[in-house]
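Let's take a walk through this one together, starting with a word we'll lean on and then moving from strands to rings. Have the model open and follow along.

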Amino acid sequence: MSHTHLLASLLLPLSLTAGAGASPVPYARPWHKQVVYQIYPRSFADTDGDGVGDLRGITSKIDYLQRLGVDAVWLSPVYRSPNYDNGYDISDYLDIDPSFGTLADWEALRDTLHARGMKLIMDLVVNHTSDSHPWFLQEQRLKTLERQLGILAPPASDAGRAVAFGTAVGTLLHGGAPAVDTMVDAPYEAARKLVASFRAESARALPAGYPSLEAQLGRLGDKLFGNASQRRAALAENHDFYIWREHANNWTSLFGGPAWHAVEPTGLYYMAEFSVHQPDLNWANPAVRKAISTMVHTWIERGVDGFRMDVIDFIAKDHSFPDAQGPKPPKGGFGMEHFVNRAEAHAYVRELVREIRQRGLQTVGEVPGVSPAQAVDYTAPERAELGEVFLFGHVSVDRPADRWDTSPFVLTALKTEIAAQQRAIHGRGWIANYLENHDQVRVVSRFGDPVRFRVESSKMLATLLFTLEGRPYIYQGQEIGMTDTIFREASDIRDVEARNFYVEATATGMDPNAALRVVTARSRDNTRTPMQWNASANAGFSSHTPWLAVNTNYPSVNVDQAVADAASPWHVYEKLIHLRRDNDVLVYGAFDLLWPEHERVMAYTRKLGKRTAWVLLNFSGEAQPLPSGDRALDGAKRVLFDTYGPAAPTDALRPFEARILVNEG
Ligand code: TEU
């Protein structure tokens, strides 16, 4: 097959490649019918007994995932990292963090998945790196040298000496040897030493993708001491890998505190939208984009099947850095309109995915702050950007003010959000559906009843996840109905975001117990507690004390129990995976919300051609009569699926019952 042919067949709708009639809708893509399972490697399975999960642990559980029926696995980051944000702070994109194993372990995992026809999706965290990434270390050295040389330069009023110094140091930076008579001054001698030590240090660890030493120094020479045109040329393009400014503006980070951090020897501030240890990359610099594409290419060559792109709508910033206006939100993200979902982000994404798309690989973007309508801008097939995106509206309904808001869950708000997402994408774009991930809390604790109806509510929520348009993502442990944990001491908290919150809240007067209650209700650690495999010590996760305490309910909530018990949530997940695959109406059907005002029942139809599915979900622990005299269920003839088993009463839903009805068509 010629190159262009291969390309065309990868990009064309399934209907054209698989023969007319094979596709239920013109925009169908093979991955639409797949199901992804997200693994948080630190907490999945530990084989080397250090209390931290690892790649071999994951490989040892692939049979389990195959049995569940998932098609693809998304791994949260396993790259080399100091782990301030558990791997979302990467110091080497091409290497595996030793706590997870080696590249050979990764290859073994890839091969194990591929041998079973399963896909491997890697996390791609390219909005920022770790502050110990060699790019950042090198740039700090360069900025420090720039400042030191600037300080050494004689004042412009001393015209003769300033010119002699500039000429000599400029020549030195370009790698030349200045004429002897310009080298008499003490400042010149100091400059010579600084440049020499910079060269020596940099030569030891010049990071791949970063400009060569000559380029770095030459540009610095032109910028500091060049003539007017050299200076203009050196300043015209944006050569920095990170975002530096002489003054901070008022933007704040999503993890709390200012978005700018001073680095003393440089005299500059760098931008970090997340923790201080996660400096933002400067995507306006083409060299950054090239370095990232080269890295992505390496992983493509290594055989990945796709990428999950962390905060990919954050990569473009307003480089005029205006102060944000209006009231400052108490807990972060002030000025987001200047660094989230900007037009340039789309251009950068298109460039980033070019090779990924040509190779037919999958892409899923994480896009906080993006509306359902804007999701279409990222995923409409004709825009050649992403396959699907994760939206945030539905996981913000019980925290409308900010992520530490502990408002009660109101079902009608969830319905509104989901309906808006479903309507926006139908026939236009595509989303990744999820109810849990490593940044959320457990959905049973959040939208269900973890105490009286853990099993029932977990099954009902599974039914929601599998009957929406978009691809379902299961987060590890969700399939067995894992629940939130309890934080009794501040020292129990591991997550950087929760720790920042606790410190800030208690420092500004919140009672420590109240702060712990907020953490218990909202911390990301809730979904990061170790996977509960069985009833043995540490839930079978590790032979060692785990890095984050296991949820105390593991003796009764665990994989062994769930697989053995035909009435457990696990079997409902397993059934729903197949049901969705076999029923195009659940994948592509148009969504219509029924009874939007109902406070206990969420109900909707999905319609595709002649086929209609009715989905009825009881979000309460009481039986809910179905509205009588309502025509909404007319035509619903057969129970396709019911979480209480096939014999369903016709007039009421039992506590947390979920039912799918279909017409005959
Ligand atoms: O999360 C992006 C993000 O917006 C977070 O602020 C998230 O919504 C928040 O933590 C919820 O409380 C991604 C990753 O998924 C997350 O784990 C990382 O910490 C973050 O980016 C920085 O890389």
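A residue counts as buried when its relative accessible area is under 20%. Keep in mind that this is a predicted model. With that cut-off, Phe 241 is an easy call, because its relative accessibility is 0% and it is therefore buried. Tyr 210 has 8%, so it counts as buried too.

These two residues belong together. Their ring centres are 4.7 Å apart and the planes meet at 55°, so the pair is classed as tilted. The pair links distant parts of the chain: Tyr 210 comes from the loop between helices H8 and H9, while Phe 241 comes from the loop between helix H10 and strand S6, 31 residues apart.

Now for the strands. Is strand S10 enclosed or open? All five of its residues, 362-366, are buried, so S10 is largely enclosed by the rest of the structure. In a regular strand, side chains alternate between the two faces of the sheet. Here both faces are covered: Gln 362, Val 364 and Glu 366 are buried on one side, and Thr 363 and Gly 365 on the other.

What lies alongside S10? Strand S9 (residues 306-309) runs parallel to S10 and is joined to it by four bridges, with Phe 307 standing opposite Thr 363. To get from S9 to S10 the chain passes through helix H12 (residues 343-358), in a right-handed β-α-β crossover. Strand S11 (residues 388-390) is also parallel to S10, with three bridges between them; Val 364 has Glu 388 as its bridge partner there. The chain makes that trip through helix H13 (residues 372-379), and this β-α-β crossover is right-handed as well.

Back to the rings. Searching the whole structure turns up 35 aromatic pairs. One of them is Trp 106 with Trp 299, an edge-to-face pair at 4.9 Å centre to centre and 75° between the planes. Trp 106 sits in helix H5 and Trp 299 in helix H11, so the pair ties together parts that are 193 residues apart in sequence. Both tryptophans are buried.

There's also an aromatic cluster to pick out: Trp 251, Phe 255, Trp 260, Phe 274, Phe 314, Phe 321 and Phe 339. Trp 260 has a charged visitor, as the charged end of Arg 245 sits over its ring, 5.8 Å from the centre. For another charge over a ring, look at Lys 61, whose charged end is 3.9 Å from the ring centre of Trp 533.

Conventions: Residues numbered from 1 in each chain as written. Predicted model: local features only at pLDDT ≥ 70, side-chain atom pairs only at ≥ 80, totals over all residues. Heavy atoms only, no water. Buried < 20%, exposed > 50% of the residue type's maximum accessible area, 1.4 Å probe, protein only. Helix = DSSP H or I, 4+ residues; strand = E, 2+ residues; numbered from the N terminus. Pairing = 2+ DSSP bridges. Right-handed = clockwise from strand over helix to strand, strands pointing away. Phe/Tyr/Trp six-rings, centres within 6.5 Å; stacked < 30°, edge-to-face > 60°. Lys NZ or Arg CZ within 6 Å of the ring centre and 35° of its normal.
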